[in-house]
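Reader: I have a new model open and would enjoy going through it with you. Shall we take it one question at a time?
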Amino acid sequence: MAEQARDERFDHLFASTVRDRLDGGRYGGSASPAAEDAVPLTYGFPYPESFPTAELVAATETVLEEEAADVLQYGGGEYAERLHDGLLAREHDRGIDASREELIVTNGATYALDAIASTFVDPGDEVLVESPTFVWSLSVLDNRGAELTGVALDDNGLDPDALEATLEAREAAGEPTPKLLYTIPEFQNPTGATLTRERRERVLELAAEYDFLIVADDAYGELRFAGESPPPLAAMDDSGRVIRVGTVSKTIAPGVRTGWIVAAEPLAEQIGTMVAGGTNTFTQSVLGRYIDAGHYGPTLERLLDGYEKRRDAMLDALERHLPAGSSWTEPEGGFFLWVTLPEGVDAEEMLPLAAEEGVTYLPGERFFVDDSGRGTRSARLSFSHCSPAELDEGIAALARATERYLD
Ligand SMILES: Cc1ncc(COP(=O)(O)O)c(C=O)c1O
């Protein structure tokens with residue numbers, strides 16, 4: 001069938017950022033071949049049974065019975081306020097003493113990042129990101145006109161030497177210092193790496209020395225099922241340079257679209273002005289009740305068990321099925337691991353073949369801001385969504401595809 005031409009009638013009316021990418025986005029892309037029967041290792045979706053459905057039904061009934069007029073009104077009522085208390089208590093448990101004025105509840109972490117970008121980024125401003133990093137965050141920053149520079153990362157998270165070298169080089173060339181560093185310090189998306197304590201200290205020192213802010217996206221920090229967590233960057237910082245982003249997408253459900261920002265008051269005050277149109281106080285009330293009723297902790301315990309089983313199943317399958325020359329990260333939490341396939345594999349090119357064999361994934365190259373060809377042999381594999389048996393099938397299919405591709 002002939003491909004239909006894109007309707008170009010309104011192109012001249014689009015903003016330049018949109019016009020610039022009409023023929024394909026600058027970053028990433030999450031398209032995956034349509035392969036109904038393939039095991040999807042593609043997206044960071046929680047597994048379906050993880051959702052605390054009964055608890056959310058009960059919480060919804062309670063807030064509507066007790067507070068409908070406030071819950072359904074602009075601004076919310078007592079239960080929406082309790083969500084703030086609950087989130088501040090969880091932040092406190094992670095070593096962060098934030099006040100009510102330093103907390104902004106948003107419609108998800110992505111929305112939080114968008115509000116932060118719109119607060120700090122003028123078109124053309126430099127933002128540093130990990131290389132590789134979460135593609136959708138790249139798009140959000142790109143939407144605001146940020147110029148993105150990647151900083152290398154390894155099994156211990158962002159490399160402070162690489163960060164320092166980038167900052168020094170920019171300074172030597174007379175280029176402006178970046179305003180923001182966007183980092184995912186815990187169980188990074190896509191690699192699963194966690195930033196070590198020593199590296200956290202150096203990153204904080206560099207932020208002070210070069211005068212930039214650190215946006216720490218902590219989507220996965222609570223999902224540690226093994227090992228010890230270093231303190232969050234914000235807990236180690238006394239300069240007010242760390243802006244934390246959180247979400248309940250991975251610990252309750254992404255459909256509730258609720259996240260938050262914790263930032264020093266002078267920053268939070270301005271970010272708050274960029275959170276346009278209010279947020280979803282109905283959902284916030286339901287979550288306030290959910291936390292108040294004591295469901296957060298026990299659900300999290302259940303999830304940790306579910307994700308650990310899935311991570312173990314994937315590691316076990318990788319060990320059994322993948323051909324020699326393959327390697328992978330072994331995260332102690334989160335949703336993803338990063339696999340590197342044998343010499344000669346191009347994971348992007350191999351994707352249709354993999355789908356035919358029965359598995360889909362996101363090719364590694366899509367997570368880099370530059371087209372240096374890094375990540376060509378790699379892929380992000382999500383262990384969060386499928387059952388342990390499906391994960392085994394998916395990895396077996398990945399192994400078959402790799403062998404066929406290299407044949
Ligand atoms: C690092 C990171 N940040 C943010 C998000 C999205 O969070 P939310 O659903 O709250 O927008 C994800 C989800 O995939 C993620 O991996």
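Reader: Let's start with Phe 187: does it count as buried or exposed?

Author: Gladly, and please keep in mind that this is a predicted model. Phe 187 has a relative accessibility of 3%. The cut-off for burial is under 20%, so Phe 187 counts as buried.

Reader: Which loop holds Phe 187, and what is the value of its phi?

Author: Phe 187 sits in the loop between S6 and H7. Most residues other than glycine have a negative phi. Phe 187 departs from that habit, since its phi is positive, near 45°.

Reader: Which residue is joined to Pro 190 by a cis peptide bond?

Author: Pro 190 lies in the loop between strand S6 (180-183) and helix H7 (197-210). Most peptide bonds are trans. Here omega is about 25°, and the residue on the other side of the cis bond is Asn 189.

Reader: And what is omega for the cis bond between Ser 131 and Pro 132?

Author: Pro 132 belongs to the loop between strand S3 (126-131) and helix H5 (135-143). Its cis peptide bond to Ser 131 has an omega of about 15°.

Reader: Moving on to Arg 257, is it buried, partly exposed or exposed?

Author: Arg 257 is in the loop between S8 and S9, and its phi is positive, near 45°, although it is not a glycine. Its relative accessibility is 36%. Buried would need a value under 20% and exposed one over 50%, so Arg 257 counts as partly exposed.

Reader: Which backbone oxygen lies 3.0 Å from a polar atom of the side chain of Thr 258?

Author: Thr 258 is in the loop between strand S8 (242-247) and strand S9 (259-262), and at 1% relative accessibility it counts as buried. Beyond its sequence neighbours within four places, its contacts include Leu 83, Asn 107, Ser 249 and Gln 284. The backbone oxygen at 3.0 Å from its side chain is that of Val 256.

Reader: How is the protein chain divided, and what distance separates the domain centres?

Author: Domain 1 covers 26-51 + 298-406, and domain 2 covers 53-294. Their contact takes 32 residues from domain 1 and 37 residues from domain 2. Taken over C-alpha atoms, the distance between the two centres is 25 Å.

Reader: Which helix gives the most residues to the largest nonpolar core?

Author: The largest nonpolar core has 64 residues, and Leu 41, Met 314 and Ile 395 are among those with the most contacts inside it. With ten residues, the top contributor to this core is helix H11 (residues 296-321). The core also draws at least three residues from each of domain 1 and domain 2. Ile 395 touches Met 314, Ala 317, Leu 318 and His 321, among others, and the helix asked for is H11.

Reader: How many aromatic pairs are there, and which kind of pair do Tyr 220 and Phe 336 form?

Author: The count comes to nine aromatic pairs. Tyr 220 and Phe 336 have ring centres 5.8 Å apart, with 75° between the planes. The two residues are 116 residues apart along the chain. Planes over 60 degrees apart count as edge-to-face, so this pair is edge-to-face.

Reader: Which residue lies over the face of Tyr 47?

Author: Tyr 47 is part of one aromatic cluster with Tyr 220, Tyr 307, Phe 335 and Phe 336. Within that cluster, Tyr 220 is buried at 4% and Phe 336 is buried at 2%. At 3.6 Å from the ring centre of Tyr 47, the residue over its face is Arg 310.

Reader: Last one: which residue caps the N-terminal end of H12?

Author: Helix H12 (residues 347-357) has several buried residues, including Met 350, Leu 351 and Leu 353, and their cover includes S13, S14 and helix H13 (388-406). H12 is followed by Gly 358, which has a positive phi near 115°. At the N-terminal end, a side-chain oxygen lies 3.1 Å from the backbone nitrogen of Glu 348, and the capping residue that supplies it is Asp 346.

Definitions and conventions. Residues numbered from 1 in each chain as written. Predicted model: local features only at pLDDT ≥ 70, side-chain atom pairs only at ≥ 80, totals over all residues. Heavy atoms only, no water. Helix = DSSP H or I, 4+ residues; strand = E, 2+ residues; numbered from the N terminus. Buried < 20%, exposed > 50% of the residue type's maximum accessible area, 1.4 Å probe, protein only. Polar contact = N/O pair within 3.5 Å; in protein donor to acceptor, adjacent residues only side chain to side chain. Contact = heavy atoms within 4.5 Å. Core = buried A, V, L, I, M, F, W, Y, C linked by side-chain atoms within 4.5 Å. Domains from an automatic or database assignment. Phe/Tyr/Trp six-rings, centres within 6.5 Å; stacked < 30°, edge-to-face > 60°. Lys NZ or Arg CZ within 6 Å of the ring centre and 35° of its normal.
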